[in-house]
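Here are my notes for you, written as numbered points. Keep the structure open beside them and look up each residue as you go.

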Amino acid sequence: MALTRGPSTESGKETPVAEGVRDIEASIRTDFHGAMTYGRYLDLDRLLHAQHPVSQPEHHDEMLFIIQHQTSELWLKLALHELREARARFARDDLGMALKCLARVKAIQKQLTDQWTVLATLTPREYAQFRGSLGSASGFQSYQYRAVEFILGNKHRSMLKVFSSEPEAQALLEGILKEPTVYDEFLRAVARVGYAIPAEVLERDVSEHWTFREELVPVFREIYESDSTPWGLYEACEALVDVEDNFQFWRFRHLRTVQRTIGFKTGTGGSSGVGFLKRALDLTFFPELYAVRTEIGA
């Protein structure tokens, strides 16, 4: 390997550097005693030591399974963070920042959906060799996933009992259950612009899951068909549709990954597995935004 001359040392002699090797620039700090570092800032000691396979003997592919789900939980945490901010921005009539938050949520959803491709490299035989070690652990018990569903409108008080052994998780979900959804705050913003959102919609019990409101369809038809519609309102409607579409894509990829890996076995948490996941595809957050498409131009 050919050598070139590197930076001079204190003795005045140049240090030979292998050709093609990038030397450390003199200005780069190398002593971090008592200073903030990349690892400390990200708390990597805890993060990278939070994978604890339980199979005995440890199965090679269990690490993939753990990291896949831990990564999903990190993305869900960020998605919930952004959805809360979008809701707050709608409440303050700040459509621009609400849309910014929703754009980030959509990017997060793409990451969540694409990473099913990694888990799909786990073959049925490989998973079967350590699946029993999971016991009753199941993605059904992801409180952050439920929190995202709650803040988007799919609220079910009965889900709280699933988290009775996790008081903090249960408290988080109960709090979101009692708060307006992103859609509630969006509709209130629409009403403040001057659109005729019915009082019973604006004053509804926000702890109940959202159900289809026929009387909102003409309102959305006006928003979509009128040339005088503020662009931000139209864009927000489409952003919410994007969020729901992305959620459905994620659900579908989940379903297909489960089906190709365990077939029609019962889920580890006791669900019917694929059948349960198929029924989730019928759930909707913003039904009026889809129903209005039948009316536009009719």
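**Notes on the chain**

1. Let's begin with charge. The chain carries 35 positive and 42 negative side chains, and the centres of these two sets are 4 Å apart. Please keep in mind that this is a predicted model. We will come back to some of these charged side chains when we reach the salt bridges.

2. Next, the overall build. The chain has 14 helices and 2 strands. Its radius of gyration is 25 Å, well over the 19 Å that the globule rule gives for 298 residues, so the chain is more spread out than a compact globule. Along the principal axes, the C-alpha atoms fill a box of roughly 80 × 50 × 40 Å.

3. Now for the inside and the outside. How much of the chain is buried? Buried residues make up 40% of the 298 residues. The accessible surface comes to about 17,200 Å², and carbon and sulfur atoms account for 55% of that surface. As for contacts with a separation of 6 or more, 65% of them are between residues 24 or more positions apart.

4. Back to the charges: the count of salt bridges is 15. A good one to find on screen is Glu82 with Arg104, whose side chains meet at 3.0 Å, N to O. Glu82 belongs to helix 3 (residues 62-91) and Arg104 to helix 4 (residues 95-114), so this pair ties together parts that are 22 residues apart in sequence. The two partners are worth checking for exposure as well: Glu82 is buried, at 6% relative accessibility, whereas Arg104 is partly exposed, at 38%.

5. Stay with helix 3 for another pair. Arg89 forms a salt bridge with Glu85, and their closest N and O atoms are 2.9 Å apart. How far apart are Arg89 and Glu85 in helix 3? They are 4 residues apart, which is about one helical turn. Arg89 counts as buried, with a relative accessibility of 19%; the cut-off for buried is under 20%. Glu85 is partly exposed, with a relative accessible area of 29%. There is a further partner to look for, as Glu85, Arg89 and Asp94 are linked in a network of salt bridges.

6. While you are there, look at the loop between helix 3 and helix 4, where Asp93 lies. Asp93 is not a glycine, yet it has a positive phi of about 60 degrees. Its relative accessibility is 42%, and Asp93 counts as partly exposed.

7. Asp43 deserves a point of its own. Asp43 sits in the loop between helix 1 (38-41) and helix 2. Its phi is near 55 degrees, a positive value in a residue other than glycine. Asp43 also forms a salt bridge with Arg46, with the closest N and O atoms 2.6 Å apart. Is each partner buried or exposed? Asp43 is partly exposed, at 30% relative accessible area, and Arg46 counts as exposed, at 64%.

8. Here is a detail of the backbone that could be missed. The peptide bond from Gln56 to Pro57 is cis, and its omega is near -5 degrees. You will find Pro57 in the loop between helix 2 (44-47) and helix 3.

9. Moving along the chain, find Gln259 in helix 12 (residues 231-262). Gln259 counts as partly exposed, at 24% relative accessibility. Which residues is Gln259 in contact with, leaving aside its neighbours within four places in sequence? They are Phe264 and Val274. Please also look at Pro124: Gln259 and Pro124 are 135 residues apart in sequence, while their C-alpha atoms are 9.6 Å apart in space.

10. Finish with helix 14 (residues 287-295), in which Pro287, Glu288, Leu289 and Val292 are buried. What covers the buried residues of helix 14? The cover includes helix 9 (182-193), helix 11 (217-225) and helix 12. Helix 12 is also where you met Gln259. Just after helix 14 comes Gly297, which takes a positive phi of about 80 degrees.

Technical notes: Residues numbered from 1 in each chain as written. Predicted model: local features only at pLDDT ≥ 70, side-chain atom pairs only at ≥ 80, totals over all residues. Heavy atoms only, no water. Rg over C-alpha atoms; globule rule 2.2 N^0.38 Å. Buried < 20%, exposed > 50% of the residue type's maximum accessible area, 1.4 Å probe, protein only. Contact = heavy atoms within 4.5 Å. Areas by Shrake-Rupley, 256 points an atom, 1.4 Å probe, with all protein chains shown as cover. Lys, Arg positive; Asp, Glu negative; His and termini not counted. Charge placed at Lys NZ, Arg CZ, Asp CG, Glu CD. Salt bridge = Lys/Arg side-chain N within 4 Å of Asp/Glu carboxyl O.
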